[in-house]
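Biologist: Please take a close look at one part of this structure, a helix and the residues that pair and pack around it, and then follow its neighbours outward. I am a first-year student, so please explain each step with care.

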Amino acid sequence: MTRPKPTLGLGWMVCVLGMGWGLNTSLWADQPVDFQKDVAPIFQKHCLSCHSAEKKKGDLSLATPEDLLEGGYVVPGDVESSALLELIVVPPGKPRPEMPKSGKPLSEKQIQLIRRWIAQGAHWPKGLVLKPLRGDENWWAYQPLWEGEPPQVPQAPPQWRKNPIDRFIYARLAQAGLKPNPPADRRTWIRRVTYDLTGLPPTPEEVQAFLNDDSPDAYEKVVDRLLASPAYGEQWGRHWLDVVRFGESNGFERNVIINNLWPYRDYVIRSFNQDKPFNRFILEQLAGDVLEPYNPEVAVGTAFLVCGPYDNVGNQDPVQAAIIRANTLDEIIRATAEAFLGITMGCARCHEHKFDPIEQDDYYAWYATFAGVFHGDREIASPQQRRLRQEKLRPLLAKKQKLQQQRNQLIARVLKRAEQKLSSFQATWTREPVSRYGTEERFPPVEARFVRLRVFALDTNPDARTGFRIDEFEVWTSGPQSRNVAQLALGAKAQGASRTAEDFADAYSADRAIDGDFGTRWIAAGPELVITLPQKVRIERIVFSSDRQRQLPPTHGYTAFVGEYVIEVSLDGKSWSVVADSRLRKPLNDRLRRKRLLEAEITPEERSQLDQLSAQLAQVESEIRAVPPFPRWWVGRMRPAPGPFHIFQRGDPQKKGPAVVPKSISVLERTVGAYRLDPKAPEAERRLALARWIASDRNALTLRVLANRVWHYHFGRGIVSTPSDFGMMGTRPTHPKLLDFLARYLRDHGWRLKPLHRLIVLSQTYRQSSAFRPEAAKKDANTTLLWRYPPRRLTAEQVRDTMLAVAGVLDRRMGGPGFRLYRYLQDNVATYEPLDRPGPETYRRSVYHQNARAARVDVLSDFDCPDPAFAAPRRAQTTSPLQALTMMNHQFVLDMAQAMASRLRREAGPEPKAQVRRAFWLLFAREPEPEELEQATQLVRQFGLTALCRAMFNANEMIYLD
């Protein structure tokens with residue numbers, strides 16, 4: 001793309017290079033174009049990815065004005081002579097302009113802005129250098145995998161030339177003028193690799209066996225044993241649960257516990273232990289219910305989609321409900337894109353992604369894909385299991401149907417007679433029905449010290465006698481100075497079985513009915529309320545309600561009220577007289593009317609028959625309940641979602657833009673391939689198409705992200721240090737060709753992780769000592785080039801599990817419902833109170849803890865176990881006084897110190913030196929130094945063995961890996 005350079009006068013060059021561009025012109029009389037505001041963003045978005053200062057395709061850069069000027073692409077003030085316009089305008093007979101090569105052509109508005117800018121003198125502010133504003137398909141992460149060979153490093157020691165990983169690392173170190181550390185000793189390495197692959201310390205016996213093994217494959221045998229251990233899946237499954245924001249409560253303000261999400265955790269652990277191909281793992285998590293709908297071990301994978309937080313308050317405002325639904329799908333979209341592709345997809349919800357080439361229609365194509373996914377549980381069973389259960393239930397259901405029919409026929413006969421006498425009944429129904437908003441009972445003045453409400457039916461359920469609410473129950477005196485004497489403030493008392501709220505004592509107690517506050521309510525757990533007045537008084541009126549203040553709809557469950565009742569009074573609390581009866585009122589609804597007629601008309605013989613039928617029904621229903629139900633797992637409820645689907649302008653569901661269909665992400669279609677579904681494609685087909693596209697062998701991005709995650713957990717930092725962001729706001733890879741080699745290795749080994757683990761942990765890079773070298777640190781302070789093994793602290797789970805393991809009390813039972821290190825209290829919202837003294841029932845591996853959102857857990861939270869409110873692809877690592885206080889004083893630590901002391905006495909005998917040696921081998925995998933042995937023995941003799949164990953728990957050597 002060359003063009004004869006225009007002749008420029010010296011004065012023009014001085015102007016351009018010294019003062020900035022600018023010519024006075026009257027060709028365009030429009031409002032002046034602001035280059036930085038109007039033109040620069042066009043260049044940054046559409047041009048600079050290929051034509052920047054760093055990447056001058058066609059020897060042209062739009063970062064500064066010089067190339068545009070010298071090449072004749074822009075002639076200030078002369079639009080017709082400016083070649084730039086020829087490149088961006090669609091030529092006659094061509095489908096698109098020559099530039100930009102990829103992406104959408106410039107709009108007519110953008111072209112006109114550039115025309116006006118040139119016509120007005122093409123002003124370019126002095127010193128301004130443009131940089132690409134947004135990535136495009138040329139971004140490194142979106143390219144096909146590099147297919148080259150590891151570099152040759154003849155200058156490297158022989159052991160550094162065998163493993164391809166070492167050749168990449170050594171070559172990069174040599175380029176930076178660095179050399180690697182020597183290997184770590186065997187004790188250090190086995191401790192490192194055992195924690196790395198299993199999350200637990202090596203036993204003294206395992207360490208000794210390795211130290212004594214002088215076979216050439218000693219290291220390989222250790223690695224193979226660890227990869228075959230069930231503890232491997234527990235350790236690496238925990239990593240994946242971090243990535244996918246796995247939490248067992250719904251979050252938000254209610255934050256209610258989810259008790260049936262644990263099968264997904266077990267599925268993840270099982271998948272890692274089986275070394276399930278990760279592309280299959282991806283398919284199962286996005287569409288397992290489609291692949292094998294009747295196989296619980298596969299269908300459970302879709303819990304991935306719904307294991308994040310979601311708002312279940314149930315806003316009744318349709319606008320707000322639509323926003324909440326959009327937020328819910330946004331969370332699923334973000335989790336999927338970040339976990340598998342390292343793409344921050346959520347940034348395209350309201351507009352084009354500001355930094356990465358993700359368009360709004362890409363985001364809403366995924367919105368359409370996941371539109372049928374709803375949070376919740378469902379039965380998991382095969383057709384055979386369903387058939388067998390149905391065979392057990394069929395005779396019981398038939399018997400139940402027959403009894404119900406007989407019961408209904410009996411009731412119908414009674415009601416038929418009652419309907420014939422309806423007018424006589426109605427003659428007694430002289431008053432208006434009960435009302436939640438205020439029900440008043442008047443009666444002749446009567447002396448009373450006690451007032452009792454007895455309930456026989458609720459306003460919405462004639463068969464229930466409990467569960468109603470009362471906001472205030474007022475008892476008014478007779479006479480001209482009538483006053484309400486049923487008040488706590490006046491000394492009145494209320495008694496009645498109440499719903500309990502453990503997190504808020506007396507929140508719904510009977511006292512709420514006489515506290516003078518219409519915003520609180522007694523929630524009845526029984527059919528009676530008894531008011532004890534301060535003293536005997538003459539009364540004539542009672543007013544009570546369940547919703548005098550809010551005036552919710554009359555069938556709202558929050559303010560359920562009485563339907564049938566009597567009110568009685570007493571002077572001694574023993575002898576009662578009825579002063580009010582709801583049967584003198586009109587029935588509130590037809591169900592209450594039928595109940596009233598039945599009770600009035602039924603004969604003793606019919607009552608006996610009805611009771612017998614009801615008892616038989618209760619028996620058969622008990623037998624039905626005894627047939628084990630299918631498990632209900634929190635794997636999502638998939639519903640049809642036929643569309644059509646649209647872009648939401650600025651993310652607002654009420655402002656629908658252009659239509660979208662389920663499809664692939666545009667920027668990756670060149671390398672991965674494309675798919676585009678009909679807008680009416682079934683919900684299952686949409687998810688399966690996306691899953692197959694993500695898990696394709698051609699999807700280099702998925703492979704890179706996965707390989708980087710494995711590297712990240714082995715070395716504490718990924719080759720890309722932002723594991724879930726491979727875009728422009730993430731970091732670039734420190735070793736891009738190594739990353740692609742690892743991704744290829746993963747692909748070529750069937751997407752299985754264990755071969756990749758083996759390659760990494762058997763490398764010289766991984767075997768290095770962690771010794772600090774000041775001269776190397778000056779060149780690479782953060783060890784990003786891996787001139788040493790980066791030391792790091794154990795994770796929170798590893799700290800806790802280590803104490804359990806060395807104390808000899810670790811419960812190695814795998815799977816099933818988790819344990820809790822908190823006391824769970826729930827009413828409308830949930831409360832999580834940390835346990836002060838967790839018992840042996842909690843001595844399982846920490847991966848089995850029922851992790852709730854926004855729930856602080858001692859020890860785990862102290863050592864940065866992440867809150868699953870968000871994904872945690874890279875854990876924070878803090879140092880705080882609370883960690884030291886926890887390790888010194890928490891009851892769990894004290895209990896573990898005592899348990900470890902007991903173990904030492906059993907295994908090492910009564911002699912202190914033997915106990916000290918065993919303690920060092922258990923915790924540090926080594927013999928104590930002579931000075932350590934002497935001081936520790938003295939400590940045991942002076943303060944006891946428990947004190948030594950407690951002190952060793954607080955040693956850096958225990959919680960850090962070298």
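Modeller: In this predicted model, the side chains of Glu284 and Arg280 meet in a salt bridge, with 2.8 Å from N to O. The two residues are four apart in helix α12, which covers residues 278-291, so about one helical turn separates them. Side chains of opposite charge can pair when their charged atoms come close. Glu284 is buried, with a relative accessible area of 2%, while Arg280, at 25%, counts as partly exposed; the word buried is kept for values under 20%.

From here we can step to the helix α11, because α12 is among the elements against which the buried residues of α11 pack, together with α10, α13, α14 (303-306), β11 (632-633) and α25 (753-761). Nine of the twelve residues of α11 are buried, so this helix is largely enclosed by the rest of the structure. The buried ones are Pro263, Tyr264, Arg265, Asp266, Tyr267, Val268, Ile269, Ser271 and Phe272. As for its length, twelve residues at 1.5 Å a residue should span 16 Å, and the end C-alpha atoms of α11 are 17 Å apart, which agrees. After α11 comes Asp275, whose phi is positive, near 55°, and it helps to know that most residues other than glycine have a negative phi.

Arg270 is partly exposed, at 27% relative accessibility, and its side chain forms a salt bridge with that of Glu297, at 4.0 Å from N to O. This pair links distant parts of the chain, since Arg270 sits in helix α11 (residues 262-273) and Glu297 in helix α13 (residues 296-299), 27 residues apart. Glu297 is also partly exposed, with a relative accessible area of 45%.

A search of the whole structure finds 66 salt bridges, and one of them joins Glu147 to Arg747, where the closest N and O atoms are 3.5 Å apart. Glu147 lies in the loop between α5 (108-119) and α6 (164-175), whereas Arg747 lies in helix α24 (residues 736-748), so this salt bridge ties together parts that are 600 residues apart in sequence. The relative accessible area of Glu147 is 48%, which makes this residue partly exposed. Glu147 and Arg747 also belong to a network of salt bridges that includes Arg744 and Asp748.

Coming back to the surroundings of α11, we meet empty space as well as packed side chains. The whole structure holds seven cavities of 30 Å³ or more, and the largest cavity contains about 90 Å³ of space. Phe272, from the end of our helix list, is one of its lining residues, and so are Phe278, Trp236, His239, Trp240, Val243, Leu706, Arg709, Val710, Tyr713 and Leu753. The elements that give two or more residues to this lining are α10 and α23. By class, the lining has nine nonpolar residues, one polar and one charged.

The helices α10 (230-243) and α23 (700-715) appear again at the largest pocket, where they, along with β15 (792-793) and α28 (796-806), each supply at least two lining residues. The largest share of that lining, five residues, comes from α10. The pocket holds about 910 Å³ of space and is lined by 46 residues, of which His712, Gly716, Arg717, Arg792 and Gln877 lie nearest its centre. Its lining is made of 17 nonpolar, 15 polar and 14 charged residues.

Among the contributors to the pocket, α28 is mostly covered, with ten of its eleven residues buried. Those buried residues include Glu797, Arg800 and Asp801 as well as Val799, Met803 and Leu804. Just after α28, Gly808 takes a positive phi of about 75°.

Terms used: Residues numbered from 1 in each chain as written. Predicted model: local features only at pLDDT ≥ 70, side-chain atom pairs only at ≥ 80, totals over all residues. Heavy atoms only, no water. 1 Å grid on protein atoms, 1.4 Å probe; cavity = no way out; pocket = protein on both sides within 12 Å on 5 of 7 lines; lining within 4 Å. Points joined across faces, edges and corners; volume = space filled by probe spheres on them. Nonpolar A, V, L, I, M, F, W, Y, C, P; charged D, E, K, R; others polar. Buried < 20%, exposed > 50% of the residue type's maximum accessible area, 1.4 Å probe, protein only. Expected span 1.5 Å × (residues − 1). Contact = heavy atoms within 4.5 Å.
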